[in-house]
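Please open the model in your viewer and keep the sequence panel visible. The stops below say what to select next and what is there.

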Amino acid sequence: MSKTSWIRRSGLSLAALAGFVLPAAAGTLDTVKQRGALQCGVSEGVAGFSEKDAQGNWRGFDVDFCRAVAAVVLGDADKVAFTPLSASQRFEALKGGKVDLLARNSSWTLGREAELGLAFAGITYHDGQGFLAKRALKVDTALSLDKAKICVEAGTTTQLNLADFFKANSMTYEEKVYPSGAEAFAAFEGGQCDVLTRDQSALHGERLRLAKPAEAIVLPDVISKEPLGPVVRSDDFPWFTLVKWVNFALVNAEELGISSANLDEALKSTKPDVRRFTGAEGGFGKALGLDADWAIRAVKAGGNYAEIYERNLGTGSKLGIPRGLNQLWSMGGVLYAPPLR
C-alpha cells in the first residue's frame, strides 16, 4: 500500500501527518503510537535499498526494515510514511523530528554519533566504498585510477574516503562534486567523469541503470568500511533499544530457522530459545513497551534477515549481490546478534 493510500484510509490529511511531531523527550514510542504511523526517512532512490516501484510503492532492504518496525510498534507493516531524504538533509531531518527513524544507507561513524547527537541501532548491512569505471579506461583495479576524473556526492563519508585513498597511494584525481547521488550518476553517464564512487552495493544498481551497462565495470577494490544501519536520536534510549532489537530479532530469526513461511510451527515449538522469540516465555515484549509477540510481528512483516536480503539484494534479485560479509557468523560471515534471553 502506498503512503498516500494509507493516509486516505486512515482519515489523516497530509498536512496533519506532516505536522504531527512531538519532541523526542516526550517518548518516540508514544508519539508513534498516538500518531498511528511511523515516519521513516529513506534515500531518494538507491536500487535494492529504497526506491519506488512502477505503482509508486516504496520497496527495498531499508524499506522492509521500516515496515518491520511499524509492524512491531503498531501491529501493521503498512502504517509507515516514507520521507525521501538526500545525504545533506538526512541527519537534520532526524534531529529536527521530521522522521522517527532513518533507514537510509548511512555509515556508522564516531563523528556522526558524538557530534550530531545521533545513535546507530546496529548494522544491517556491511558495505564498503568502491568504484564504477568506464571500460574505455581499460583499468581493472582502483590503483590504476591515477589522474582520473571522479564523480562523488557532496557531504558524505564517500568524499572523505576518496581523498584518503588517493593520498595514501600517492595518486592524484580530478574531483567532480555533486549535491546528490542522482546528479553524480547523471554526470558519470553523461561523460563528465570517467569514474563514479559510492558504496559497492549502490554501484551494482547504478551500473544496471546505465543505457549500456556492459560499458562500465564495478572494480573489485573496497577502500573503506561502511557499516550501514538504522539511526535514531540519542536522547531517547527506550526508542533506540526498541529499534536495535528489531534489527537483532530479524537476524536471530534466521539463525533459529524462523521465517515468514513457518511462523505457525514456531508458535507451537517447545524449544526454549524459540519460545522466548515468540513471546511464550521471557516477557521481553513488556520490557520494550511492546506486546509479547513483537518479534513474530517483525518477521511476519517481510521475513527474517535472509528473506529480506535475498528479495532485495541477493543472487535471485536484479542486483545479484552474494551475502559475503552479511552472512551469519556461523556461515562464514560477520552477521551476529545478541541472544533473546
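Select leucine 228 to begin: its relative accessible area is 3%, and therefore it is buried (buried means under 20% relative accessible area, exposed over 50%, partly exposed in between, with a 1.4 Å probe and protein chains only). Leucine 228 sits in strand β13, residues 226–228; helices (H or I, at least four residues) and strands (E, at least two) are DSSP runs, numbered from the N terminus. This is a predicted model, in which local features need pLDDT of at least 70 and side-chain atom pairs count only at pLDDT 80 or more, while totals for chains, interfaces and linings use all residues. Residues are numbered from 1 along each chain as its sequence is written, and side-chain values use heavy atoms, with hydrogens and water left out.

Which residues are in contact with leucine 228, leaving aside its neighbours within four places in sequence? Show Asn105, Ser106, Ser107, Gly122, Ile123, Thr124, Tyr125, Asp127 and Asp199; contact means heavy atoms within 4.5 Å. For one of these, aspartate 199, draw a distance to leucine 228: the C-alpha atoms are separated by 9.9 Å, and the two residues are 29 apart along the chain.

Next, move to asparagine 105, one of the contacts of leucine 228. Asparagine 105 is in the loop between β5 and α6 (110–114). The phi of asparagine 105 is positive, about 25°, although the residue is not a glycine. Is asparagine 105 buried or exposed? Its relative accessibility is 13%, so asparagine 105 counts as buried.

For a second positive phi, select lysine 138, where the angle is about 60° and the residue is again not a glycine. Lysine 138 belongs to the loop between β8 (129–134) and β9 (148–153). Lysine 138 counts as exposed, at 77% relative accessibility.

Now go to aspartate 100, in the loop between α5 (90–95) and β5 (101–102). Aspartate 100 has a relative accessible area of 3% and is buried. Not counting residues up to four places away in sequence, aspartate 100 touches Thr28, Val32, Arg35, Ala37, Leu38, Gln39, Leu94, Val232, Arg233 and Trp239. Valine 46 is 54 residues from aspartate 100 along the chain, and their C-alpha atoms are separated by 20 Å.

Switch to the helices, starting with α4 (residues 61–74). From first C-alpha to last, the 14 residues of α4 reach 20 Å, close to the 20 Å expected at 1.5 Å a residue; the expected span is 1.5 Å times one less than the number of residues. Colour α4 by accessibility: 14 of its 14 residues are buried. Glycine 75 follows α4 and has a positive phi, near 75°.

Select α14 (residues 294–302) next; seven of its nine residues are buried, so α14 is largely enclosed by the rest of the structure. The buried residues of α14 are Trp294, Ala295, Ile296, Arg297, Ala298, Val299 and Gly302. What covers the buried residues of α14? Their cover includes α4, α10 (237–256), α11 (263–268), α12 (272–278), α13 (284–287) and α15 (305–312). Just after α14, look at glycine 303, which has a positive phi of about 100°.

Continue to glutamate 307, in helix α15. Glutamate 307 is partly exposed, with a relative accessible area of 23%. Apart from residues up to four places away in sequence, glutamate 307 touches Ser259, Ser260, Ala261 and Gly302. Gly302 is also among the buried residues of α14. Leucine 143 and glutamate 307 lie 164 residues apart in sequence and 36 Å apart in space, C-alpha to C-alpha.

Finally, zoom out to the whole protein, with its 15 helices and 14 strands. The C-alpha trace spans about 60 × 45 × 40 Å along its principal axes. Of the 341 residues, 54% count as buried. Among contacts with a separation of 6 or more, 68% come from residues 24 or more positions apart. The exposed surface is about 15,100 Å², 53% of it supplied by carbon and sulfur atoms; the areas come from the Shrake-Rupley method with a 1.4 Å probe, and for residues only the protein chains shown count as cover.
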